[in-house]
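Please look at the structure below with its cysteines in mind. A walk along one helix then follows.

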Amino acid sequence: MMRRKATVGAALGLVGALAAGCGGSSGDPGEVVFWDTSGPAESGVFQEVATDCARTGGYRVRVETVSFDQALNNYKTAAQGGQGPDVLRADVGWVAQLAQAGLIQDLTGTPLAADTADFLPAPLASTQHEGKTYAVPQVTDALALFYNKAQLAQAGVEPPKTWEELKQIAPQLGGDRALFLNNDEYYALPFLYSQGGDLLDVDSRTITVNSPEAVRGVQVAKDLLDAGAARTALDQPNSYTTMKAAFTSGDVAMVVDGPWAVPEYTQSGQFADPANLGIAPLPGKGTSPVGGHDYVIRQGSDATEASIKFVQCMSSTENQAKIAARLALLPTRQSAYDDPAVAQHPVVSAFRPLVADTHDRPWIPENAELLEPLQTAYADILAGRKETGAALDELARTYQTSVVPDYAQR
Amino acid sequence: MRLRNLLARHWFAYAMVAPVVAVLALLVVFPLLQGLFFTFTDINDTTIANPVLDREASYEFVGLDNYLNVLSGDPAHGSFWATLLRTVIWTGACVVCHYVIGLALAVLLNRQLRFRGLYRVLLILPWAVPVFISAFAWRYLFNSEYGLVNRVLEAVGLPAQVWLGQSDLALVSVVVVNVWLGVPFMMVALLGGLQSIPSDLYEAAEIDGASAWQRFVHVTLPGLRSVSSSVVLLGVIWTFNMFPVIYLITENNPHTRILVTYAFERFFSGATRDYALASTYGVLILSVLLVFAAVYRRAMRRQGEVL
């Protein structure tokens with residue numbers, strides 16, 4: 001969930017939480033306030049599309065850019081007090097939680113829930129909570145293996161199809177300079193899924209994070225480090241920055257990251273020519289978690305009608321295609337991929353097959369809370385401070401005592 | 001009759017004080033009592049009342065459950081005793097370093113030397129930089145791969161360390177940053193204290209043949225006592241509750257978790273927003289500090305200080 005780690009920290013969040021009470025909704029049914037959590041490189045395009053939507057739709061829109069790290073907190077604080085935006089760009093993992101807290105509107109029966117056949121199934125699943133529709137998918141994403149084409153060509157190797165293969169080609173790439181593993185929770189999921197493991201089994205209400213499959217999966221990551229085929233940053237708060245620095249300076253040949261990182265990578269020297277940035281599926285099949293964002297409408301908004309029109313317009317095929325063509329963000333509508341400008345986009349077309357091959361996440365209110373304790377456990381495992389099985393057993397206990405107390409331990 | 005007399009004589013003072021009392025009651029006493037009340041309930045963001053959404057409060061009175069959960073030291077509720085111990089270590093290490101380094105610098109700067117004004121300005125700088133900027137700068141310095149600290153260590157032949165990993169070194173790192181941030185205040189406060197010690201005391205001591213160390217122990221330290229006791233008390237309270245340094249540099253690392261950062265995690269950063277548990281931590285932190293302040297004041301009073 002917190003894929004982009006806090007670069008602007010929590011203290012700002014506190015200030016934000018206080019300020020949130022003053023910002024946001026105008027209480028005017030003709031004006032839609034939209035909280036946009038996209039990055040600085042992206043928000044301009046969203047602003048433009050939103051303005052167009054408002055002009056053709058006959059309402060006004062005010063786009064407020066908020067930091068992704070702090071948006072959930074600020075939204076909750078504001079919405080509890082009847083303030084906040086009319087429309088929020090929410091991470092897919094937040095929807096069930098906000099729905100359960102009664103902070104977003106049930107959209108079942110509105111035009112937004114009527115036409116959903118065109119949406120990709122994985123992001124669409126994130127909009128449902130207890131059989132009702134609470135959101136509209138905005139963008140989707142998946143993790144991929146990013147590689148430095150020049151370095152791989154020089155070593156005479158292809159991007160690996162399995163993690164075993166990576167171990168074999170690592171010596172040609174300079175041993176642990178082959179891959180940088182981010183020791184962050186979201187980036188642990190592909191390994192956890194890789195041998196058939198999962199965090200929870202929602203149907204049987206069981207915690208499965210310490211199942212033999214999950215343990216074997218996470219161990220794959222540790223084995224890569226032990227075999228000298230990958231490196232990692234042992235200081236967790238710096239991990240994502242260090243990974244980016246190592247990749248953009250040419251110190252490592254491969255990293256695991258998502259489409260949101262492309263603009264940053266292409267700004268660096270190594271990838272000044274974007275053609276040098278290779279994007280391959282993650283080794284293993286169907287191991288990338290489903291990511292992305294949804295539009296939600298605040299419960300108690302005075303501009304519900306205009307907000308529905310706004311979300312409809314923003315998530316239309318035409319606008320999704322426009323956003324995808326300009327920002328390389330992945331559309332959630334199948335029809336948007338057929339747009340010629342999108343189909344020709346190198347990043348989008350590289351990610352297209354990956355999005356169809358993602359691993360479902362449990363769309364339960366506690367979704368977001370599952371990741372935080374995983375971060376600590378994964379960092380301990382990669383640092384060699386705890387044995388994989390023991391760390392995951394401990395994690396399962398944490399889940400049961402403080403995240404999903406009504407689930408059984410396996 | 002007496003009351004009327006009192007009012008008549010002092011009406012102006014009461015009128016002046018009334019707004020302050022009202023504001024304090026509204027901004028301090030009321031939230032404090034509300035927080036205290038929350039600790040006896042199971043309030044969180046799904047059970048809180050919301051007049052805007054026409055939702056009734058559905059939290060229930062749970063008696064002392066929150067306190068029992070926290071005081072049991074259970075990891076699910078923040079391992080209270082281990083966290084308290086870490087908080088005490090953190091506070092002690094920071095305040096001792098603050099005081100010792102601050103005093104040394106103050107003594108140094110109290111002498112006549114060239115560019116004294118310049119040194120004073122430079123040494124006060126860390127205090128003038130906003131905390132979050134310092135925190136992020138230090139985070140880069142401590143980066144185990146690209147950080148300056150490790151580069152320097154390697155240059156002098158020492159092994160590089162993982163400063164901000166999940167080990168006790170992370171606590172050492174945040175102590176270093178907090179000491180760097182807090183020394184200027186101590187230095188300035190103690191410098192003020194030093195300048196108020198009459199110079200004839202030193203002259204008299206010198207004539208009596210006291211060595212530099214004897215002058216420091218028998219003139220400087222006693223002369224600083226009143227300043228020291230207040231800044232140490234303040235320092236302990238601030239450091240005990242120092243949230244930004246720890247949270248911005250190490251995020252939710254269990255090895256640097258202190259009581260306030262855990263309360264914050266439960267209130268804001270965790271998805272549940274467990275208001276009841278966070279309030280319980282708040283009340284416990286307040287109690288610990290009140291006990292400390294009371295004991296400290298008594299100890300000071302015994303030494304003849306009025307705080």
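Just after helix α18 of chain A, Gly384(A) takes a positive phi of about 75°. The model is predicted. The helix that precedes this glycine, α18(A), covers residues 367-382. With 16 residues, α18(A) reaches 23 Å from its first C-alpha to its last, close to the 22 Å expected at 1.5 Å a residue. Along the way, α18(A) bends by about 30° at Leu374(A). The helix is mostly covered, as 15 of its 16 residues are buried.

Now to the cysteines. Over all chains, the structure holds one disulfide. A disulfide is a covalent bond joining the sulfur atoms of two cysteines. Here the partners are Cys53(A) and Cys313(A), with their sulfur atoms 1.9 Å apart. Cys53(A) lies in helix α2 (residues 40-57) of chain A and Cys313(A) in helix α13 (residues 304-314) of chain A, so the pair ties together parts that are 260 residues apart in sequence. The torsion about their S-S bond is about -85°, so the disulfide is left-handed. Cys53(A) is buried, at a relative accessible area of 1%.

Chain B offers a contrasting case. Why is Cys94(B) not bonded to Cys97(B)? The sulfur of Cys97(B) is the closest cysteine sulfur to that of Cys94(B), but at 7.2 Å it is too far for a bond, since a disulfide needs the two sulfur atoms within 2.5 Å. Cys97(B) is likewise in no disulfide, its nearest cysteine sulfur being that of Cys94(B). As for their surroundings, Cys94(B) is buried, with a relative accessible area of 0%, whereas Cys97(B) is partly exposed, at 30%.

Methods:
Residues are numbered from 1 along each chain as its sequence is written. Chains are lettered from A and ligands numbered from 1 in the order in which they are written. This is a predicted model: local features need pLDDT of at least 70, side-chain atom pairs count only at pLDDT 80 or more; totals for chains, interfaces and linings use all residues. Side-chain values use heavy atoms; hydrogens and water are left out. Helices (H or I, at least four residues) and strands (E, at least two) are DSSP runs, numbered from the N terminus. The expected span of a helix is 1.5 Å times one less than its number of residues. The bend at a residue is the angle between axes fitted to the seven residues ending there and the seven starting there. Buried means under 20% relative accessible area, exposed over 50%, partly exposed in between (1.4 Å probe, protein chains only).
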